Each structure stands twice: as structure tokens, then as C-alpha cells.
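This report describes one protein chain, going from single residues to the overall fold. Please keep the sequence and the structure in view while reading.

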Amino acid sequence: QVQLVESGGGLVQAGGSLRLSCAASGSIFSINYMAWFRQAPGKQRDLVASISSSETTNYADSVKGRFTITRDSAKNAVYLQMDSLKPEDTAVYYCNANLKFKQRGPNYNHWGQGTQVTVSS
């Protein structure tokens with residue numbers, strides 16, 4: 001069984017910063033990629049940023065230059081540094097990990113419980 005535990009959400013004024021953290025625990029053999037998604041009320045869940053095992057990163061256009069995703073493979077953790085926050089960044093942010101339990105086993109996708117980020121204008 002795998003758990004993804006997120007932390008770091010909260011309320012911040014526009015222009016401010018927050019840092020989200022997510023740590024995966026359980027009988028994990030390897031993690032292929034980790035990512036952050038977000039979902040605003042009444043909208044679909046969208047990719048914010050992802051990072052591969054080789055630390056290749058990918059960002060949504062709306063956050064490029066403002067958000068930075070990093071990972072600590074030794075801790076099975078991923079982080080999202082969010083700077084110059086805007087009210088439109090308000091959403092529930094979800095951690096996502098694509099991982100294996102065995103070397104030759106299939107990949108599984110797991111989600112965290114979500115953490116609320118609210119940016120006031």
C-alpha cells in the first residue's frame with residue numbers, strides 16, 4: 001500500500017509564495033515520475049508540473065517562470081515552489097506519482113489527498 005502525503009497549502013496574498021511538499025511511503029520499488037495537478041471549483045483537474053526520474057521537468061504554460069518542481073529521490077518526495085502567486089492559482093493541489101512495486105511489475109498511478117491553495121487579491 002502506498003500513501004502520498006501532501007503539505008504546505010494555505011492562504012496567501014497575490015504576489016506571495018508557497019511551497020508544497022509531497023512524500024510517498026510504502027513498499028515502493030521505484031518512482032518513474034511525480035507531478036502536481038490542480039483542480040479549481042467546477043473545473044477539471046489539470047497538470048501543473050511534472051518531473052521524471054531523470055529530473056526532466058514539464059510545466060503548464062500558465063505557471064512557467066513562476067513555479068518550480070523538484071524532487072528528492074532518496075526521500076520519494078516532490079516539491080512545488082510557487083512564486084508570484086495569482087488569484088487564478090487558487091485550487092486544490094494534488095500530488096501524483098507513477099511507480100512500481102516490483103522491478104518487472106507494472107506501473108501504478110497514485111494520488112495524494114489534496115491540499116488547498118487560496119490566493120487572495
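## A residue in a loop

Is Ser62 buried, partly exposed or exposed? The model is a predicted one, and in this model Ser62 has a relative accessibility of 42%. Buried means under 20% and exposed means over 50%, so Ser62, at 42%, counts as partly exposed.

Ser62 belongs to the loop that joins strand 6 and strand 7. Its C-alpha atom is 9.6 Å from the C-alpha atom of Glu88, although 26 residues separate Ser62 and Glu88 along the chain. Glu88 appears again in the section on the pocket, as one of the residues closest to the centre of the largest pocket.

## The overall fold

How many helices and strands does the protein have? There are zero helices and eleven strands. Read from the N terminus, the elements therefore run β-β-β-β-β-β-β-β-β-β-β.

The C-alpha trace spans about 50 × 25 × 25 Å along its principal axes. A compact globule of 121 residues would have a radius of gyration near 14 Å, and the value for this protein, 14 Å, agrees with that. Of the 121 residues, 42% are buried. Among contacts with a separation of 6 or more, 56% are between residues 24 or more positions apart.

## The nonpolar core

The largest nonpolar core holds 30 residues. Those that touch the most other members are Trp36, Leu80, Met82 and Tyr93. Eight strands are named as suppliers of at least two residues each to this core: strand 1 (2-7), strand 3 (18-26), strand 4, strand 5, strand 7 (67-72), strand 8 (77-82), strand 9 (91-100) and strand 11 (115-120). Strand 9 gives the largest share of the core, with five residues.

Ala49 is a residue of strand 5. Its relative accessibility is 0%, so Ala49 counts as buried. Leaving out residues up to four places away in sequence, Ala49 touches Ala35, Trp36, Asn58, Tyr59, Ile69 and Leu80. Two of these names, Trp36 and Leu80, are also among the core residues that touch the most other members. The C-alpha atoms of Ala49 and Phe67 are 8.2 Å apart, with their positions 18 residues apart along the chain.

## Two more strand residues

Where does Gln81 lie? Gln81 is part of strand 8. With a relative accessible area of 26%, Gln81 is partly exposed. Apart from residues up to four places away in sequence, Gln81 touches Ser17, Leu18, Arg19, Arg66, Phe67 and Thr68. Its C-alpha atom is 9.9 Å from that of Gly8, while the two residues are 73 residues apart along the chain.

Asn98 lies in strand 9. Its relative accessible area is 11%, so Asn98 is buried. Its contacts, again not counting residues up to four places away in sequence, are with Ile31, Asn32, Tyr33, Asn107, Tyr108 and Asn109. Asn98 and Ser52 are 46 residues apart in sequence, and their C-alpha atoms are 9.6 Å apart in space.

## The largest pocket

A probe the size of a water molecule, rolled over the atoms, shows where empty space is left. The largest pocket in this model has a volume of about 190 Å³. Of its 14 lining residues, Arg38, Ala40, Lys43, Asp46 and Glu88 are the closest to the centre.

What kinds of residues form the lining of the largest pocket? Six are nonpolar, four are polar and four are charged. Strand 4 (30-39) and strand 5 (46-52) each supply at least two residues of the lining. The largest share, three residues, comes from strand 5.

## Two residues with positive phi

Most residues other than glycine have a negative phi. Which value does phi take at Glu55? Glu55 is not a glycine, yet its phi is positive, at about 70°. Glu55 is found in the loop between strand 5 and strand 6 (57-59).

Ser84 also has a positive phi, near 50°, and is a residue other than glycine. Ser84 sits in the loop between strand 8 and strand 9. With a relative accessible area of 40%, Ser84 is partly exposed.

Note on methods:
Residues are numbered from 1 along each chain as its sequence is written. This is a predicted model: local features need pLDDT of at least 70, side-chain atom pairs count only at pLDDT 80 or more; totals for chains, interfaces and linings use all residues. Side-chain values use heavy atoms; hydrogens and water are left out. On a 1 Å grid over the protein atoms alone, a cavity is a set of points where a 1.4 Å probe fits but cannot get out, and a pocket is an open set with protein on both sides within 12 Å along at least five of seven lines; lining residues have an atom within 4 Å of a point. Grid points are joined across faces, edges and corners, and a volume is the space filled by probe spheres set on the points. Helices (H or I, at least four residues) and strands (E, at least two) are DSSP runs, numbered from the N terminus. Ala, Val, Leu, Ile, Met, Phe, Trp, Tyr, Cys and Pro count as nonpolar, Asp, Glu, Lys and Arg as charged, and the others, Gly among them, as polar. A nonpolar core is a set of buried Ala, Val, Leu, Ile, Met, Phe, Trp, Tyr and Cys residues joined through side-chain atoms within 4.5 Å. Buried means under 20% relative accessible area, exposed over 50%, partly exposed in between (1.4 Å probe, protein chains only). The radius of gyration is taken over C-alpha atoms; the globule rule is 2.2 Å times the number of residues to the power 0.38. Contact means heavy atoms within 4.5 Å.
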